[in-house]
Amino acid sequence: MALLDILIYPDSRLHNKAKPVAQVDSRIQKLIDDMSETMYTAPGIGLAAPQVNVPERIIVVDISDKKDSLLAMVNPEIISSEGEDEHEEGCLSVPGVYAPVKRYKKIRVQALDKDGNSFELDAEGLLGVCIQHEIDHLDGKVFVDYLSHLKQDRIKKKMQKSMRHS
Ligand code: ZN
């Protein structure tokens, strides 16, 4: 396995729409392994392929305390949703920034697993938020895009400043 570099906001590549995966093959499985290792090492609870500069529709999520409940989703799609809720979110591509975002309260997602088998999952709470956040990345959306322009400008300046210092 290998650690991958995570793109940092406002990198324009974070705003590209990712392509569906045509076939879950060994290349995709290796990418899922590398993405998981990168997420656990960061550490984070979710990572989408566009964040590691791979414009394909793949996400990994693990919200467990023990980090033993990896959920890998290829071509994930929200097939139904219910209600609305607001949670504070953060992102490995926007280190040190947290802000509340409105999301669906409950979602039902369809995806392919690491073996290419289709499955459906009901998610709410932190898991639901995390999956919606990661699917947004596949559509070229970062959570700060939901904030006011003033806040976005402030975050961009903060990111650029910390990049210069690193
Ligand atoms: Zn993110």
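Biologist: In which helix do Asp-34 and Lys-30 both lie?
Modeller: In this predicted model, Asp-34 and Lys-30 stand four residues apart in the chain, which is about one turn of the helix. Their side chains meet in a salt bridge, with N and O at 2.7 Å. The helix that holds both residues is α1.

Biologist: Does Asp-34 count as buried or exposed?
Modeller: A residue counts as buried when its relative accessible area is under 20%. Lys-30, the partner of Asp-34 in the salt bridge, has a value of 46% and is therefore partly exposed. Asp-34 has a relative accessibility of 6%, so this residue counts as buried.

Biologist: How many salt bridges does the structure hold?
Modeller: The contact between Asp-34 and Lys-30 is a salt bridge, and another is formed by Arg-103 with Glu-89, whose closest N and O atoms are 2.8 Å apart. The number of salt bridges that the structure holds is twelve.

Biologist: How many residues apart in the chain are Arg-103 and Asp-136?
Modeller: The side chains of Arg-103 and Asp-136 meet in a salt bridge, at 2.7 Å from N to O. This pair links distant parts of the chain, with Arg-103 in strand β5 and Asp-136 in helix α2, and both residues are buried. The separation of Arg-103 and Asp-136 in residues is 33.

Biologist: Which residue is linked with Glu-89, Arg-103 and Asp-136 in a network of salt bridges?
Modeller: Arg-103 forms a salt bridge with Glu-89, and Arg-103 also forms a salt bridge with Asp-136, which already places these three residues in one chain of contacts. The further member of the network is Lys-141.

Biologist: Which residues coordinate the zinc ion?
Modeller: The donors of the zinc ion follow the spacing C-x41-H-x3-H along the chain, which calls for a cysteine and then two histidines. The donor atoms, an SG and two NE2, lie at 2.0 to 2.3 Å, and they belong to Cys-91, His-133 and His-137.

Biologist: In which helix does His-137 lie, given that its pair with Cys-91 links distant parts of the chain?
Modeller: Both Cys-91 and His-137 are among the residues that coordinate the zinc ion. Cys-91 is in the loop between β4 and β5, and His-137 comes 46 residues apart from it, in a helix that covers residues 125-138. That helix is α2.

Biologist: What is the relative accessible area of His-137?
Modeller: The limit for calling a residue buried is a relative accessible area under 20%. Cys-91 has 11% and therefore counts as buried. His-137 also lies under that limit, so His-137 is buried too, with a relative accessible area of 1%.

Biologist: How far from Cys-130 is the nearest cysteine sulfur?
Modeller: The structure holds zero disulfides. Cys-130 is in no disulfide, and its nearest cysteine sulfur is that of Cys-91. Two cysteine sulfur atoms must be within 2.5 Å to count as a disulfide, whereas the distance from Cys-130 to the sulfur of Cys-91 is 9.9 Å.

Biologist: Over how many bridges do strands β6 and β7 pair?
Modeller: Strand β6 covers residues 106-112 and strand β7 covers residues 118-124, and the two run in the antiparallel sense. One of the pairings joins Leu-112 to Ser-118 in β7, and the hairpin has five residues between the strands, with Gly-116 at a positive phi near 85°. The number of bridges between β6 and β7 is seven.

Biologist: In which strand is Asn-75 found?
Modeller: Asn-75 has a phi near 50°, a positive value in a residue other than glycine. Lys-67 likewise has a positive phi, near 60°, and is found in the loop between β2 and β3. Asn-75, in contrast, is found within a strand, namely β3.

Biologist: What is the omega of the cis peptide bond between Tyr-9 and Pro-10?
Modeller: Pro-10 lies in the segment before α1. Another cis peptide bond runs from Ala-42 to Pro-43, with omega near -10°, and Pro-43 is placed in the loop between α1 and β1. For the bond that joins Tyr-9 and Pro-10, omega is about 5°.

Note on methods: Residues numbered from 1 in each chain as written. Predicted model: local features only at pLDDT ≥ 70, side-chain atom pairs only at ≥ 80, totals over all residues. Heavy atoms only, no water. Donors = N, O, S within 2.8 Å, 3.2 Å for Na, K, Ca; no water. Buried < 20%, exposed > 50% of the residue type's maximum accessible area, 1.4 Å probe, protein only. Pairing = 2+ DSSP bridges. Salt bridge = Lys/Arg side-chain N within 4 Å of Asp/Glu carboxyl O.
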